[in-house]
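Q: Please take me on a close look at one small inner space of this protein, and then at the parts around it. I am new to reading structures, so a step-by-step walk would help.

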Amino acid sequence: MTQALNLVLGGVFHAAALFLVAAGLQLVFGVQKILNLACGSFYALGAYTGIAAVNAALAAGVPAPLFLPVLVASGLALGVLGPPLERLLRTIYDRDEAFQLLLTFALVLMLEDVIRFVWGAAPYQMAGVYLTYGQVRLGTATVPVYNFIVIAAGLAIAAGMGLLLARSRFGGIVRAAAENRGMAQALGVDMGRISTRVFTLGLVLGTVGGALVIPAGAAVNEMGIELIVEAFAVVVIGGLGSMRGAFVGALVVGVLKAVAIAVYPEAEMLAVYLIVIAVLLFRPTGLFARATA
């Protein structure tokens, strides 16, 4: 029972960050119709920047419990990269998908080199500062409180995204642009400004996700590539363009990965691929394909 609880909580913890990356991918695709391969690199950049910011804050005398706001702020601050990167991507909005994949993959390689140049090739970590918030016992299982904070943050962001897209004026414009970009532009919507905001929001979701999850692990150069694969698995499972699908798909991938690591680590990614194949065979458009944003 204890092992099962640890597996589920570990899987949901990973799913919380994975959802943020996949939600950013879904949001950008919905409006700009670009499959952004760089979403995983945004996650990695958020992780490295978060660790650097927390280490600098602790060295400056900031109390250890305040590391969480520092992490979130570091992820949000990376939003300054959104407008220039979106301007770069505008050159391929109406081009073939191959150009989109090539350019976004080029961003992956460039961001990996930036990370390697700034932080080096060795793993980078925060030395257990997340245990500052303590631990809680659930039966015979002991779980860090920080894990629940990240899960709660993921749920809060998911709810906030739902309200933003469903109830706000900005969300209405985003949904209209996702449904018919040309018609939205004809009705007076400044698609350049909307595209910049959407891309920046998608980037920030990824960087905040990386910053939140990294205290419980270590940042490594390859983590962005691994998250790209998982994020696309989430998209395939949930359905391209569906936020609800991203939420469910992230839970499926996160829990399944945790179970596979515990039972047979060599089959960690194979288990995810098998689920993806099953979805493609029996429901090619994904579990929630009718959702548009």
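**A small cavity and the parts around it**

A: Let's begin with the walls of the second largest cavity: helix H1, helix H2 (39-59) and helix H9 each give at least two residues to its lining. Keep in mind as you look that this is a predicted model.

The structure has two cavities of 30 Å³ or more, and the second largest holds about 30 Å³ of space. To find it, pick out the residues that line it: Gly 24, Leu 25, Val 28, Asn 36, Cys 39, Phe 42, Phe 199, Gly 202 and Leu 203. Sorted by type, this lining has six nonpolar residues, three polar ones and no charged ones.

Now follow one of the walls, H9, which runs over residues 191-213. Ile 194 is a good place to stop on this helix. Its relative accessibility is 5%, so Ile 194 counts as buried, the cut-off being under 20%. What does Ile 194 touch, leaving aside residues up to four places away in sequence? The answer is Val 31, Phe 170, Ile 173 and Val 189. Ile 194 also shows how folding brings distant stretches of chain together: Gln 32 is 162 residues away along the chain, yet the two C-alpha atoms are separated by 9.6 Å.

Two of those contacts, Phe 170 and Ile 173, lead us to helix H7, residues 169-179, where both are buried. The other buried residues of H7 are Gly 171, Val 174, Ala 177 and Ala 178. Looking down the axis of H7, you find these buried residues within an arc of 160 degrees, so they line one face of the helix. A general rule helps here: an α-helix has 3.6 residues a turn, so residues three or four places apart point the same way. Turn H7 around, and the face away from the buried side carries the exposed residues Arg 169 and Glu 179.

Back at the cavity, another wall, H1 (2-32), leads to an open space, because this helix is also among the elements that give two or more residues to the lining of the largest pocket. The others are helix H10 (223-238) and helix H11 (243-263). This pocket has about 460 Å³ of space. Of the 19 residues that line it, Phe 13, His 14, Tyr 43, Val 213 and Lys 257 lie nearest the centre. The pocket lining has ten nonpolar, six polar and three charged residues. Compare that with the cavity lining, which has no charged residues.

One more stop takes us to aromatic rings, where eight pairs are found in the whole structure. One of them joins Phe 67 and Tyr 146, with 5.5 Å between ring centres and 35 degrees between the planes, a tilted arrangement. Phe 67 is in helix H3 (residues 67-77) and Tyr 146 in helix H6 (residues 145-167), so this pair ties together parts that are 79 residues apart in sequence. Both residues are buried, and ring pairs link them with Tyr 130 and Tyr 133 into a cluster.

For contrast with buried Ile 194, finish at Gln 135 in strand S2 (residues 135-138). Gln 135 has a relative accessible area of 52%, so this residue is exposed, the cut-off being over 50%. Not counting residues up to four places away in sequence, Gln 135 touches Thr 142, Val 143, Pro 144 and Val 145.

How values were computed:
Residues are numbered from 1 along each chain as its sequence is written. This is a predicted model: local features need pLDDT of at least 70, side-chain atom pairs count only at pLDDT 80 or more; totals for chains, interfaces and linings use all residues. Side-chain values use heavy atoms; hydrogens and water are left out. Buried means under 20% relative accessible area, exposed over 50%, partly exposed in between (1.4 Å probe, protein chains only). Helices (H or I, at least four residues) and strands (E, at least two) are DSSP runs, numbered from the N terminus. The arc is that of the directions from the helix axis to the C-beta atoms. Contact means heavy atoms within 4.5 Å. On a 1 Å grid over the protein atoms alone, a cavity is a set of points where a 1.4 Å probe fits but cannot get out, and a pocket is an open set with protein on both sides within 12 Å along at least five of seven lines; lining residues have an atom within 4 Å of a point. Grid points are joined across faces, edges and corners, and a volume is the space filled by probe spheres set on the points. Ala, Val, Leu, Ile, Met, Phe, Trp, Tyr, Cys and Pro count as nonpolar, Asp, Glu, Lys and Arg as charged, and the others, Gly among them, as polar. Rings of Phe, Tyr and Trp (its six-membered ring) pair if their centres lie within 6.5 Å; planes under 30 degrees apart count as stacked, over 60 as edge-to-face and the rest as tilted.
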